[in-house]
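Colleague: I have a new model open and would like a close look at one part, namely how its strands pair up. Please set that part in the context of the whole chain as you go.

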Amino acid sequence: MSSPVLDSALEKFRELMATDGYELTYSVAGENRVVVEIVAGADACADCLVPLPIMESIMSDALEPTPYRLDHVVMPAEH
């Protein structure tokens, strides 16, 4: 399910990651909790992103102006 508020909040990061071969998606889990998933494309390095705690901080900050809060981030190396 797509949300215009979440699309807007995460669009900049979605575009940045796409240029490096990653896909950023999200889903809403429970009430106003967001799970962000980052998938490495064929040419992307699955282990080359910032560490999970830093990515969670970045995504939490991105969601700050929205009514949503980060539940967790799924990184490529976790697959």
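Modeller: Happy to. One term first: a residue counts as buried under 20% relative accessible area, as exposed over 50%, and as partly exposed in between, with a 1.4 Å probe and protein chains only. By that cut-off, 32% of the 79 residues are buried. Please keep in mind that this is a predicted model, where local features need pLDDT of at least 70 and side-chain atom pairs count only at pLDDT 80 or more, while totals for chains, interfaces and linings use all residues. Numbering starts from 1 along each chain as its sequence is written, and side-chain values use heavy atoms, leaving out hydrogens and water.

Now the layout. The protein has two helices and three strands, in the order α-β-β-α-β from the N terminus. These elements are DSSP runs numbered from the N terminus: helices are H or I with at least four residues, strands are E with at least two.

For the pairing you asked about, two strands pair if DSSP finds at least two bridges between them. S1 (residues 22–28) runs antiparallel to S2 (residues 33–40), with seven bridges joining them. One of the partnerships links Ser27 to Val35 in S2. Four residues separate S1 and S2 in this hairpin, and Gly30 in the turn has a positive phi of about 70°.

S2 also pairs with S3 (residues 69–74), this time in the parallel sense and over five bridges. Here Val36 has Val73 in S3 as its bridge partner. As for side chains, in a regular strand they alternate between the two faces of the sheet.

Ser3 is worth a look too. Ser3 lies in the segment before helix H1 (4–19) and is buried, with a relative accessible area of 9%. Leaving aside residues up to four places away in sequence, Ser3 touches Tyr26 and Tyr68, where contact means heavy atoms within 4.5 Å. Among contacts with a separation of 6 or more, 52% join residues 24 or more positions apart.

Finally, the overall dimensions. The C-alpha atoms fill a box of roughly 35 × 20 × 20 Å along the principal axes. About 4700 Å² is exposed, with carbon and sulfur atoms supplying 55% of it; these areas come from the Shrake-Rupley method with a 1.4 Å probe, and for residues only the protein chains shown count as cover.
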